[in-house]
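I am keeping these entries for a reader who meets this structure for the first time. Each one records what I looked up and what I found.

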Amino acid sequence: MNDSSTSKKEMMFDPRPQTVVCNAVCLGNAMHITASVFINDNESGLHQDYDRWLEELVPFNPGTDPASGGYLHNRTGEDNADAHHKRQIMGREVVVAITKGKLHLGPWEHIFYYEFDGRRRKRILVKIIGE
């Protein structure tokens with residue numbers, strides 16, 4: 001498990017095992033309710049598109065009135081309801097097969113950790129299960 005502080009937004013990580021693993025499955029889990037792990041292209045325009053698209057779907061500050069789109073969660077004193085929704089859209093974890101020590105990723109696929117809140121210490125679980 002990797003335990004680290006992150007700033008808001010993204011971090012790409014490489015879960016390749018430190019020891020020789022022949023055939024296995026790699027699980028990457030965000031371990032926090034306002035963060036996601038997902039697979040996609042490492043292209044900066046696409047990442048900016050995600051930022052814009054997610055902000056349009058669930059803006060950080062839609063106001064305080066739930067009748068006009070404000071978040072009920074923010075009545076708890078927190079202001080991170082958008083981060084919870086963004087994580088729900090982008091997903092919690094990925095599972096990737098490993099054969100002869102190599103991850104089975106497509107030629108453009110990369111694994112990303114994406115943080116939508118950025119205020120607390122975060123943990124990332126990378127678990128290799130196999131031979």
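Entry 1, the second helix. I looked up what the buried residues of α2 pack against, and in this predicted model they pack against β4 and α1, the latter spanning residues 44-57. Helix α2 itself covers residues 81-90, and I noted its buried residues as Ala81, Asp82, Ala83, Lys86, Arg87 and Met90. Just after α2 I came to glycine 91, which takes a positive phi of about 100 degrees.

Entry 2, the overall layout. I then stepped back to the whole protein, where I found two helices and eight strands, and I wrote down their order along the sequence as β-β-β-β-α-α-β-β-β-β. The protein has 131 residues, of which 34% count as buried. I also looked up how far apart in sequence the contacting residues are: among contacts between residues at least 6 apart, 82% join residues at least 24 apart. For the surface, I noted that the protein exposes about 7,900 Å², with carbon and sulfur atoms supplying 52% of that area.

Entry 3, threonine 34. I asked myself whether threonine 34 is buried or exposed. Threonine 34 counts as buried because its relative accessible area is 1%, under the 20% that sets the limit for buried. I placed threonine 34 in the loop between β3, which spans residues 23-29, and β4, and I found that its side chain makes a polar contact with the side chain of histidine 32 at 3.0 Å. Leaving aside neighbours within four places in sequence, I listed the contacts of threonine 34, which include Ala83 and Arg87 as well as Tyr114 and Phe116. Ala83 and Arg87 had already come up among the buried residues of α2, and I turned to Tyr114 and Phe116 next.

Entry 4, the aromatic rings. I looked up how many aromatic pairs the structure holds, and there are four. One of them is formed by phenylalanine 38 and tyrosine 114, a tilted pair with 5.9 Å from centre to centre and 50 degrees between the planes. This pair links distant parts of the chain, since phenylalanine 38 belongs to strand β4 (residues 35-41) and tyrosine 114 to strand β7 (residues 109-115), 76 residues apart. Tyrosine 114 also forms a tilted pair with phenylalanine 116, at 5.0 Å centre to centre and 45 degrees between the planes. I checked the burial of these rings too: phenylalanine 38 and tyrosine 114 are both buried, and phenylalanine 116 is buried as well. Finally I noted that Phe38, Tyr50, Phe112, Tyr114 and Phe116 form one aromatic cluster.

Entry 5, phenylalanine 112. I followed one member of that cluster, phenylalanine 112, to strand β7. Phenylalanine 112 counts as buried because its relative accessibility is 1%. I also looked up its separation from asparagine 40, and although the two residues are 72 apart along the chain, their C-alpha atoms are separated by 7.5 Å.

Entry 6, a patch on the surface. Which residues make the nonpolar surface patch of about 250 Å²? I found Val25, Val95 and Ile129 there. I looked further into valine 95, which lies in strand β5, residues 93-99. Valine 95 counts as exposed because its relative accessible area is 54%, over the 50% that the word requires.

Conventions
Residues numbered from 1 in each chain as written. Predicted model: local features only at pLDDT ≥ 70, side-chain atom pairs only at ≥ 80, totals over all residues. Heavy atoms only, no water. Helix = DSSP H or I, 4+ residues; strand = E, 2+ residues; numbered from the N terminus. Buried < 20%, exposed > 50% of the residue type's maximum accessible area, 1.4 Å probe, protein only. Contact = heavy atoms within 4.5 Å. Areas by Shrake-Rupley, 256 points an atom, 1.4 Å probe, with all protein chains shown as cover. Phe/Tyr/Trp six-rings, centres within 6.5 Å; stacked < 30°, edge-to-face > 60°. Polar contact = N/O pair within 3.5 Å; in protein donor to acceptor, adjacent residues only side chain to side chain. Patch = residues over 30% accessible without salt bridge, like charges linked within 9 Å, V, L, I, M, F, W, Y side chains within 5 Å. Salt bridge = Lys/Arg side-chain N within 4 Å of Asp/Glu carboxyl O.
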